[in-house]
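Here's a quick tour of one protein model, written for someone who'd rather look at coordinates than read a long introduction. Have the viewer open as you go.

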Amino acid sequence: MTKIAVCGAAGRMGQRIIVAAREAGCTVSGALERPGHEMVGQDAGLIAGCGALGIAISDDLNAVVEGCDVLIDFTTPKVSLKNLEVCALKKKSIVIGSTGFTPEERALAVELARDIPAVLAPNMSVGVNVCFKILKDVAKTLGDDFDVEIVELHHNKKKDAPSGTAVRMGEVVAEALGRDYNKVATYHREGICGERTKEEIGMQTVRGGDIVGEHTVYFIGMGERIEISHRAMTRDMFSRGSVRAAQWVVGKQPGLYDMQDVLGLK
Ligand SMILES: NC(=O)C1=CN([C@@H]2O[C@H](COP(=O)(O)OP(=O)(O)OC[C@H]3O[C@@H](n4cnc5c(N)ncnc54)[C@H](OP(=O)(O)O)[C@@H]3O)[C@@H](O)[C@H]2O)C=CC1
Ligand SMILES: O=C(O)C1=N[C@H](C(=O)O)C[C@H](O)C1
């Protein structure tokens, strides 16, 4: 039985991951929150709503990592990089779902994962990962004649924008079209901003209420358009995906993998 520890255990995703790990027959060996968090000391299962587990939420990163086979971490990029560093020191695996990584932070993650197997993915759902695959084909087939715009909608508590999933969708499309995402992504239009260029990929963000996560990529041509949409109704396919990744990654060769590797979509 895979021993899974969860970082960000009292968070929206952390709670669902604890439930998913139990449902998948894994052992929840530890649960982490930051020092000073009001949930430290509480039973992780009671907080997650799946009944007492006898595992108190801890703020001791080293002890929790030592007790697990794999750490699942849904927090922030800075916290995830620290966790990756500690997992590398203790030769444990890690699955990171946090989003909002800068290119520099991503490069650091690749370096830190040199000696341990790690998964880093902005979206753990099967549906979104199949969309990544479809988007590549659609973009290649349509070529430069269709304008690409990406719109994402999330709840009002989300801290990063655009979502990690939207950024990855933009990167997939840009790569398929032979463009550099960092040069063509357009996040803002206001005032007399000029006509749309052919190369740009518009990235639009909507925040409100309790929207779990919705992404649409528009390929807009003359007289027709294609829309590829994914709508998440609950967080459960993200949490189940992260547990699937955790079971998959333990024992793999060192290196940084993504969900396409886990799902065999490459
Ligand atoms: N890859 C995927 O499939 C998905 C990725 N995400 C991403 O996961 C991340 C978390 O999302 P969500 O669960 O909604 O966010 P939440 O804010 O609900 O949860 C994050 C939790 O991590 C805690 N935390 C902060 N710092 C530390 C620390 N140093 N050690 C341990 N715990 C810490 C937070 O505590 P506090 O509140 O005190 O800061 C909070 O409880 C985001 O980046 C989000 O975009 C979300 C869904 C799916
Ligand atoms: O913060 C969230 O909630 C989500 N974040 C991920 C992202 O930024 O892509 C994935 C999902 O859409 C939910």
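What follows covers an annotated domain, a helix pair and three residues. Keep in mind that this is a predicted model.

**The annotated domain**

An unreviewed UniProt entry carries the annotation "domain: Dihydrodipicolinate reductase N-terminal" for residues 3–124. That span is 38% helix and 19% strand, and its end C-alpha atoms sit 19 Å apart.

**A helix pair**

Take helix H4 (residues 77–89) and helix H5 (residues 103–112): they pack at an angle of about 10°, and their axes are 10 Å apart. Angles under 35 degrees count as roughly parallel, and H4 and H5 are therefore roughly parallel to each other. The crossing of H4 past H5 is left-handed. On the H4 side, the contact is made by Pro77, Leu81, Leu84, Glu85 and Ala88, while H5 brings in Glu105, Leu108, Ala109 and Leu112. Sort the residues of this contact by type and you get 7 nonpolar, no polar and 2 charged.

**The annotated active site, and a proline**

Which residues does UniProt list for "active site"? The unreviewed entry gives His154 and Lys158. His154 is placed in strand E6 (residues 147–154), whereas Lys158 is in the loop between E6 and helix H7 (164–176). Pro162 also belongs to the loop between E6 and H7.

Here is how the three come out on burial:

| Residue | C-beta neighbours within 10 Å | Class |
|---|---|---|
| His154 | 25 C-beta atoms | buried |
| Lys158 | 17 C-beta atoms | partly exposed |
| Pro162 | 21 C-beta atoms | buried |

Why does His154 count as buried? The cut-off for buried is 20 or more other C-beta atoms within 10 Å, and His154 has 25 such neighbours, so it counts as buried. Lys158, with 17, counts as partly exposed.

Now for who touches whom, leaving out residues up to four places away in sequence. His154 is in contact with Ser163, Arg207, Ile211 and Gly213. Pro162 has its own set, made up of Glu152, Val167, Met203 and Thr205.

One of those partners is worth a look in the viewer. How far apart are Pro162 and Met203 in sequence, and how far in space? Along the chain they are separated by 41 residues, yet the C-alpha to C-alpha distance is 7.1 Å.

Note on methods:
Residues are numbered from 1 along each chain as its sequence is written. Chains are lettered from A and ligands numbered from 1 in the order in which they are written. This is a predicted model: local features need pLDDT of at least 70, side-chain atom pairs count only at pLDDT 80 or more; totals for chains, interfaces and linings use all residues. Axes are lines fitted to C-alpha atoms, for helices over the stretch in contact, and angles run from 0 to 180 degrees between N-to-C directions. Helices (H or I, at least four residues) and strands (E, at least two) are DSSP runs, numbered from the N terminus. Angles under 35 degrees count as roughly parallel, over 145 as roughly antiparallel, 65 to 115 as roughly perpendicular and the rest as oblique. A crossing is left-handed if the near helix is turned anticlockwise from the far one by less than a right angle, and right-handed if clockwise. Two residues are in contact if their C-beta atoms, placed from the backbone, lie within 7 Å. Ala, Val, Leu, Ile, Met, Phe, Trp, Tyr, Cys and Pro count as nonpolar, Asp, Glu, Lys and Arg as charged, and the others, Gly among them, as polar. UniProt positions are given in the numbering used here, feature names are shortened, and annotations may be inferred rather than shown by experiment. A residue is buried if 20 or more other C-beta atoms lie within 10 Å of its own, exposed if 12 or fewer, and partly exposed in between; C-beta atoms are placed from the backbone.
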